[in-house]
Amino acid sequence: MKISPEYAVQMRGITKTFGSLMALNKVGIDVKKGTIHAILGENGAGKTTLMNILYGFHQADEGEIFLEGKKVFIKTPHVAIAHKIGMVHQHFMLVDNFTVTENIILGNEIANKLGIINYKKARNEILKIVKKYRLDVDPDAKIENISIGMQQRVEILRALYRGIDILVLDEPTAVLTPMEISGLIKIMHELTKDGKTVIIITHKLKEIKSSSEFCTIIRRGEYIDTVNVRNKSEEELGAKMVGRAIKLVVDKDEAKPGKTVFEIENLHVYNERKISAISGLCLKVRAGEILGIAGVDGNGQKELVEAIMCLKKVKSGVIKINGKEIQNTSVLNVLKNKIATIHEDRQKRGLILDFTVSENAILGKYKLRPYSKNNVLNNSEIGKLTKKLIENYDVRPKDCQNSLAKELSGGNQQKLIIGRQITCEPDLLIAVQPTRGLDVGAIESIHRILIEERDKGKAILLISLELDEIINVADTIAVIYNGNIIKTFSQNEADEKVVGLFMAGGKVGANARKNS
Amino acid sequence: MITLTLDDIPNILMYSTPLILGAMGGVISERCGVVNIGIDGMMCMGAFTAATAGYFLANPWLGLLFGGLAGGLIALLHAIACVTFNADQTISGTALNLIGPGLALFISRLVFAGSTQTLTVSRKMPKIFSQEVSGIFRQINIDVTSLIALIIVILFWFVLYKTKWGLRIRAVGEHPAAAETLGINVRVLRYACVIMSGFFAGIGGGCVTLSTVSCFSPTSISGQGFIALAAVIFGKWMPHRACGACLLFGFAQILTVKLSGEKSLIPSQIIAMLPYVLTILILILFVGKSVAPKASGKPYNKNIC
Ligand SMILES: Nc1ncnc2c1ncn2[C@@H]1O[C@H](COP(=O)(O)OP(=O)(O)OP(=O)(O)O)[C@@H](O)[C@H]1O
Ligand SMILES: [Mg+2]
């Protein structure tokens, strides 16, 4: 394509290496002005890196950038901001204990000659934008007290406040609820109506279909193609991305459930604010069965997991594994009773980011032989285990054993955790949002792993906010609402619409009483 | 029976002033994300340089200024190590605590014919009122350095919470990557703050040798830097609260002086512990949990974040 002013952004021959790793190899992209343009690629493909280069956060080793046909050199974010580029990062860049207003004006304060900030004026400016784009944001709230959805709107607001022409959104929907996602897409359309250009990185093919005109696909640091989204199905997009045909729904045989392994009876748990978060919940998971818990965020999922893992006190009720009660004991006891959990927040509870991959691989096992003897670690055995994990669960790059966990891309961090937890040989595997932020290729392999474990006779409790995931993977679907299971379906009776209705609490009074 | 009167205010302030200035140094450095446990070393270097310059130039004001500059120079080393080379901030600070007194004594021997004590300055820092005033003015005739320290506290508070520079400093101390993506130069800001930290610590040291006494000796600075750091933490990294903690300590110190003047049954060694114990007690009982700036102590390297 020619360099032309019709394009808001054109990047040419961008190459970037991190040490010996080639993150991007001569990648180019052309983004038409006033469009929404998606970037699709596997975890670690280099999407974030490419956008960080556009934003001046990283420097390319080679390559050129053109904005509206003019060559530019973007050495720092400061330059990018001057060129009216805004970016919402994958991991939010907000100062937790600042107010929304402080976060928005930071670096671009409305101040007098002495540097004294005029907060009143800043606040009014912000409110103007809030009104214009109908963003629901409270300028006086502290970041740590607002929802993730609102935090994201703060990030967008921050970009708009700086007066942008181009907005880059890096995986903006990974942590949003379906409602918030449709709100975001509305905002994006609103922006393009204003002549602004939006670049969005996302793994969710559905969202690309519903928001974008064009989609550029990157695979392992190489440019693959740019397609017109309208002419491509979700499967075609996914296949292009991973380089092979993929299944968005993993095949599986009928479940052959055995005896009940795990049981919860009449569970009551309070949340932090001493309000009942789980009230009278009952459920059963049998060997060789995946029980999926569907529900909108905040209906007690978090407390349920914490109660099972003894991270939170149970007020009343019974939690039993293999007939043995474990409620209100200790995490260690839960682990001893062969329950393994893939936690929702992999960076907080799954991994120690500053440890190496192999150190992370033996978390929870380091006391066991052969990984240690007489309190001394056996590094060669640990190395063998790590190699096996990397091999079996396709953690990339292959030679990451001694890299720090934080250097892995999100998807690969997740595969490492899942591998580690499964090799604990648990009787019950709890997977909370196991595919959040992962690409469709990785999702496929994680779903396959879960189903394989089921076929080996494990009991699996899958908790996810993605209804698709629950419907595709679970054998039995339980809908959680207001701290209670209000309805259960078997997989073949579950219809997205009906389940969705129950998730929103519909029909509760009419015909669905507690169903366990 | 001991009584506290207005007369004690100048003394309380005299004890507190070096601590307050040291604490301000700690606040500014930690607020932008660099732990500076080298405050004591910087104060020591400042105290020596101030006394020496004050002696040779026969001008305490210039002496104080040079004290500040010497502290700033030492702090520059800290900045180079921690900001440019991402060194461990605790180790670098410890090194400075060893270098500060060592260098001061070394130069002292060179300059003052082998003596580790500098010669007495001809002019000390003045008090706010002349010696001739009487009545209440005489009672509250505090050191001018105390007044300066209090003004600096107000200034620090104002800058940190009301100006864009303060907003940026606090942001860099909490989340440097976020600040960087908004076009703020993290390194430059950290350099500035660390050097300032040394400057104020140096002045704090100068207050000891130019206001409290009138020469530098090896014991002029003996742990004030660490007490200042404790005040920073007790003060939750806020200038006004850190200042409060320093004043509390100064108050406890005066109490001790008075107590040990009395004939009492308590051994003087126990009484000497009083300021520390009292400070800790009050702070445990009345000050809640304090949370450090999130990025404090962590080197910032944008390629691994
Ligand atoms: N600062 C860094 N230091 C070393 N390696 C890095 C760094 N940032 C990224 N990488 C590596 O570069 C590659 C591309 O990473 P990038 O974050 O761009 O992937 P991505 O496409 O955004 O993936 P994801 O979908 O998981 O966010 C990965 O292999 C990653 O491990
Ligand atoms: Mg990314």
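A salt bridge here is a side-chain nitrogen of Lys or Arg within 4 Å of a carboxyl oxygen of Asp or Glu. Keep that in mind for this tour of a predicted model.

**Stop 1: chains A and B**

Show both chains. Select the residues where they touch. You should pick up 32 residues of chain A and 24 residues of chain B. Between them, the two chains bury about 2,300 Å². Carbon and sulfur atoms give 64% of that area.

Now select A:Phe57, A:Met93 and A:Leu106. These three supply 24% of the area that chain A buries against chain B. No other three residues supply more.

**Stop 2: charges across the interface**

How many salt bridges are counted between chain A and chain B? The count is 3. To see a salt bridge between the chains, select A:Glu109 and B:Arg168. Their closest N and O atoms are 2.7 Å apart. That distance falls within the 4 Å cut-off, so the pair counts as a salt bridge.

Next, turn to polar contacts. There are 7 residue pairs in polar contact between chain A and chain B, with both residues at pLDDT 80 or more.

Colour the helices of chain A. Which elements give two or more residues to the side that touches chain B? They are α2 (77-82) and α3 (100-105) of chain A.

Then colour that side of chain A by residue class. It has 16 nonpolar, 9 polar and 7 charged residues.

**Stop 3: the domains of chain A**

Hide chain B. Give each domain of chain A its own colour. Domain 1 covers 7-242. Domain 2 is written in two segments, 259-338 and 427-516. Domain 3 covers 346-425.

**Stop 4: where domain 1 meets domain 3**

Keep domains 1 and 3 of chain A in view. Their centres, taken over C-alpha atoms, lie 33 Å apart. Select the contact residues: 5 of domain 1 are in contact with 5 of domain 3. The two domains bury about 370 Å² between them. Carbon and sulfur atoms account for 44% of this area.

What is the count of salt bridges between domain 1 and domain 3 of chain A? It is 1. Select A:Glu42 and A:Arg396 to see their side chains meet in a salt bridge, at 3.7 Å from N to O.

Polar contacts between these two domains number 0 residue pairs, again with both residues at pLDDT 80 or more. The 3.7 Å salt bridge of A:Glu42 and A:Arg396 lies beyond the 3.5 Å cut-off for a polar contact.

Finish on the side of domain 1 that touches domain 3. Colour its residues by class: no nonpolar, 3 polar and 2 charged.

Key:
Residues are numbered from 1 along each chain as its sequence is written. Chains are lettered from A and ligands numbered from 1 in the order in which they are written. This is a predicted model: local features need pLDDT of at least 70, side-chain atom pairs count only at pLDDT 80 or more; totals for chains, interfaces and linings use all residues. Side-chain values use heavy atoms; hydrogens and water are left out. Contact means heavy atoms within 4.5 Å. Buried area is the accessible area (1.4 Å probe) that two parts lose on being put together, summed over both. A polar contact is a pair of N or O atoms within 3.5 Å; within protein, one must be able to donate a hydrogen and the other to accept it, and residues adjacent in sequence count only if both atoms are side-chain atoms. Helices (H or I, at least four residues) and strands (E, at least two) are DSSP runs, numbered from the N terminus. Ala, Val, Leu, Ile, Met, Phe, Trp, Tyr, Cys and Pro count as nonpolar, Asp, Glu, Lys and Arg as charged, and the others, Gly among them, as polar. Domain bounds come from an automatic or database domain assignment.
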